[in-house]
Amino acid sequence: MEERKDNAEVKKPLQKKRRRWNDEAIAGLLFVLPPVIGFVLFTSGPFLFSIFASFTRWDSMTDLTQIFSMDSDSREWFFCGFENYKELFTDIQFWKALWNTFWYMIGIPIGLVWAFALALSFNRGMPGVKIYRVIYYIPVVSSIVAVALLWGWLYNGDYGLLNQFLSALGIPKEKLPNWLQNAHTVKPAIMVMCVWRGVGGTALLYLGALQNMPQSYYEAAVIDGASRWTIFRKITWPLMQPITFYIVVTGIIGGSQMIVEPQIMTPDGGPDYASATIVFYIWQHAFGADEKGFACAAAWVLALIIFAVTAIQFKLNPASENYLE
């Protein structure tokens, strides 16, 4: 009898835990439901059509309702199979745009270090810290077009503020670069602007994580006589890993889709196509050359690359309970 009673007592908390998990799962599903419904209603159609279009030579002028009434030669020309993908992988501009896109992502670790240093400063409670938080966050909420135009003026080779400053330091004018018209400087110039614009948002994410860290870890470390560097290395930075993982994943996904900055600052893709991103390349073919089918093929290649990179990151990311090991 006593054994049965003990078993019943053990089962009760397990059933409660199972029930709580089910309630949490239902709540999570309810939160996820609106975007899923939105995707099914508004995105799934274009999503599936883009797969179909990537195997065709569709442009905006073709009436899709008349495809099957075409003669056999026209229909064979329209349904091109994998020709778009073959042409894509033999296009030197595609590889340049892909390389440029990955090059811009050098700014992600630079932005992480800068943002984390800012967050540590913001967390100290120094006088006027709230004003500094607002100042650093203003570029995040500012119009991206306005910011790109402002930095385009800053980089101007003739009257830009940057070259004026360098000239005041004694550098001869003939040695000053035209930042956005030089294949060697255009990518670093745009990358610096992107890092500057996004660092405020990243810093606030880190600040939120710092302010919600359990103080018991720090209290135990101080009692044990740990130094500041040891506390940072063994407690602060490991506990920052989940938010760092989130920032890196979203940064790579967002960086892979960058288009506005290079499009505004270098409308033609820059010298020798040195500033064009893969999305800029897709936009050029979709709306400049009116090659919608080819653009869909390029977009699907980009989607597969993003999926693969993100999957690798999730695979390599340790479980949350292992961060402090």
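# How the labels are earned

Guide: Let's start with Glu83, a partly exposed residue whose relative accessible area is 36%.

Visitor: Why does Glu83 get called partly exposed?

Guide: Buried means under 20% relative accessible area and exposed means over 50%, with partly exposed in between (1.4 Å probe, protein chains only). Glu83 comes out at 36%, so that value falls in the middle class. Keep in mind that this is a predicted model, where local features need pLDDT of at least 70, side-chain atom pairs count only at pLDDT 80 or more, and totals for chains, interfaces and linings use all residues. Residues are numbered from 1 along each chain as its sequence is written, and side-chain values use heavy atoms, leaving out hydrogens and water.

Visitor: What makes Glu83 and Lys86 a salt bridge?

Guide: The rule asks for a side-chain nitrogen of Lys or Arg within 4 Å of a carboxyl oxygen of Asp or Glu. Here the closest N and O atoms are 3.8 Å apart, so the pair qualifies. Both residues sit in helix α3 (residues 83–89), three residues apart, or about one turn of the helix. "Helix" here is a DSSP run (H or I, at least four residues), numbered from the N terminus.

Visitor: How many salt bridges does that rule give?

Guide: The count is three. Another one joins the side chains of Lys96 and Asp272, at 2.8 Å from N to O. Lys96 belongs to helix α4 (residues 92–104) and Asp272 to the loop between α13 (260–265) and α14 (278–288), so this pair ties together parts that are 176 residues apart in sequence. Then there's Lys292 with Asp290, at 2.7 Å from N to O.

Visitor: Is Lys292 buried or exposed, and how do you know?

Guide: Buried, because its relative accessibility is 13%. Its partner Asp290 is partly exposed, at 26%.

Visitor: Back to that loop: what makes Asp272 stand out in its backbone?

Guide: Asp272 isn't a glycine, yet its phi is positive, about 55°. Asp272 counts as exposed, with 58% relative accessibility. Tyr273, also placed in the loop between α13 and α14, is a non-glycine with positive phi too, near 60°.

Visitor: Is Tyr273 buried or exposed?

Guide: Buried, since its relative accessibility is 6%.

Visitor: Why are α6 and α9 called oblique?

Guide: The axes of α6 (residues 129–141) and α9 (residues 186–211) come within 6 Å and cross at roughly 130°. Those axes are lines fitted to C-alpha atoms, for helices over the stretch in contact, with angles running from 0 to 180 degrees between N-to-C directions. Under 35 degrees is roughly parallel, over 145 roughly antiparallel, 65 to 115 roughly perpendicular, and the rest oblique. That leaves α6 and α9 oblique to each other.

Visitor: And what makes the surface patch with Ile51 a patch?

Guide: Patch residues need over 30% relative accessible area and no salt bridge; like charges are joined within 9 Å, and nonpolar side chains (Val, Leu, Ile, Met, Phe, Trp, Tyr) within 5 Å. Ile51, in helix α1 (residues 2–53), has 33% relative accessibility and counts as partly exposed, so its area passes the patch threshold. Its companions in this nonpolar patch of about 750 Å² are Phe31, Val32, Val36, Phe39, Val40, Phe47 and Leu48. The accessible areas come from the Shrake-Rupley method with a 1.4 Å probe, and for residues only the protein chains shown count as cover.

Note on methods: Helix = DSSP H or I, 4+ residues; strand = E, 2+ residues; numbered from the N terminus.
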